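Student: I should like to learn how to read the features of a protein model. May we go through this one together?

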Amino acid sequence: MRIVRLCCLLVLAVAAFSANAKMVQRAVDWTQDGTKFHSVLIYDDATMAKRPGLVMVPNWYGVNDGAVKKAEAIAGSDYVILLTDMYGEKVRPTSFTEAQAAVKPLYTNRALMRQRIGHALDQLKAQAGTAPLDVARLGAIGFCFGGSAVLDLARSGADVGAVVSFHGGLETDNPALAKNIKARVLVLNGADDKGTMPAADAFMDEMRQSPADWQFVVIGHAVHCFTEVGENSPGCRYDEPIAKRSYRLMHDWLHETFAGKP
């Protein structure tokens, strides 16, 4: 009877802990060159076991509710994610025109893009004292514009284990930077993505000069935005089966990097 009572108490304790556990969303703000940035740290507090950390750069609409939801789904109990503001807290695009204007200064000044994403990585590392983050296991993932940003993080020679780009831009201002890459690089693009695939050959030539372990996956019948829920235009369309497949490839790549096995 005593054993039964103890078991019941244990079950109740576990249930109570599970009920209290939640996905943490915590603001992470910093100022760089006079611009204040507002990012969001995301992780599951059901366990405080240390886990890998990821800088995540969303599509060109930046940090918004949709990006937070995507970051929560990816983080699960596996990662601590810093959903990264690349524009500054006063820039929150809500239209195609606004987003296009927001990314222009970074696409025309890739050194600035590398500087901002590198600073975001430093800010992620700084969360180790208050989040279940293992700073020995760091990476970056990005979507569309965010894919361009994390590839530039890799080109900067950042000390990260892995970088994953989803339907991201492949161009660079300086192909010679590829020699700096330390990360394992996984790039996933749609075969019918007319915005990114014209640069595919030049990108592969660039990566051939890199010492990195890299993989370029071209997904048949996919166009741009295949992970972006709600997008449904001829050249920018969400594709649920392809999105799920690409996330599996990402998780396998990250797990192989951080755990040493697929």
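Tutor: Let us begin with a pair of strands, bearing in mind that this is a predicted model. Strand 7, residues 184-190, pairs with strand 8 in the parallel sense, over 6 bridges. Within this pairing, Gly 190 stands opposite Ile 219 of strand 8.

Student: Which helix lies across strand 7 and strand 8?

Tutor: Helix 6, residues 200-208, lies across both strands and runs at about 165° to strand 8. Helix 7, residues 240-259, also packs on the sheet. Among the strands that helix 7 touches are strand 3 (51-57), strand 5 (133-143) and strand 6 (162-166), and its direction makes about 170° with that of strand 6.

Student: What is the order of the strands in the sheet?

Tutor: The sheet is open, has 8 strands with mixed pairing, and follows the order 1-2-4-3-5-6-7-8. Strand 1 (23-32) and strand 8 (214-219) each have a single partner strand, so one side of each is left without a neighbour in the sheet. On average, neighbouring strands of this sheet are turned by 20° against each other, direction ignored.

Student: How many disulfides does a search of the whole structure find?

Tutor: As a general idea, a disulfide is a covalent bond between the sulfur atoms of two cysteines. In this structure the search finds 1 disulfide. It is formed by Cys 225 and Cys 236, whose sulfur atoms are 1.8 Å apart. The link is left-handed, with -95° about the S-S bond. Cys 225 belongs to the loop between strand 8 and strand 9 (232-233), while Cys 236 belongs to strand 10 (residues 236-237), 11 residues apart. Both Cys 225 and Cys 236 are buried.

Student: Why is the sulfur of Cys 144 too far from that of Cys 225 for a bond?

Tutor: A disulfide requires the two sulfur atoms to be within 2.5 Å. The closest cysteine sulfur to that of Cys 144 belongs to Cys 225 and is 4.5 Å away, which is therefore too far for a bond. Cys 144 itself counts as buried, because its relative accessibility is 9% and the cut-off for buried is under 20%.

Student: Does Ala 212 count as buried or exposed?

Tutor: The same cut-off of under 20% applies. Ala 212 has 12% relative accessibility and therefore counts as buried. Its place is in the loop between helix 6 and strand 8. Leaving aside neighbours within four places in sequence, Ala 212 is in contact with Ile 181 and Ala 183. Ala 212 and Leu 177 are 35 residues apart in sequence, and their C-alpha atoms are 12 Å apart in space.

Key
Residues numbered from 1 in each chain as written. Predicted model: local features only at pLDDT ≥ 70, side-chain atom pairs only at ≥ 80, totals over all residues. Heavy atoms only, no water. Pairing = 2+ DSSP bridges. Helix = DSSP H or I, 4+ residues; strand = E, 2+ residues; numbered from the N terminus. Axes fitted to C-alpha atoms, helices over the stretch in contact; angles between N-to-C directions. Contact = heavy atoms within 4.5 Å. Buried < 20%, exposed > 50% of the residue type's maximum accessible area, 1.4 Å probe, protein only.
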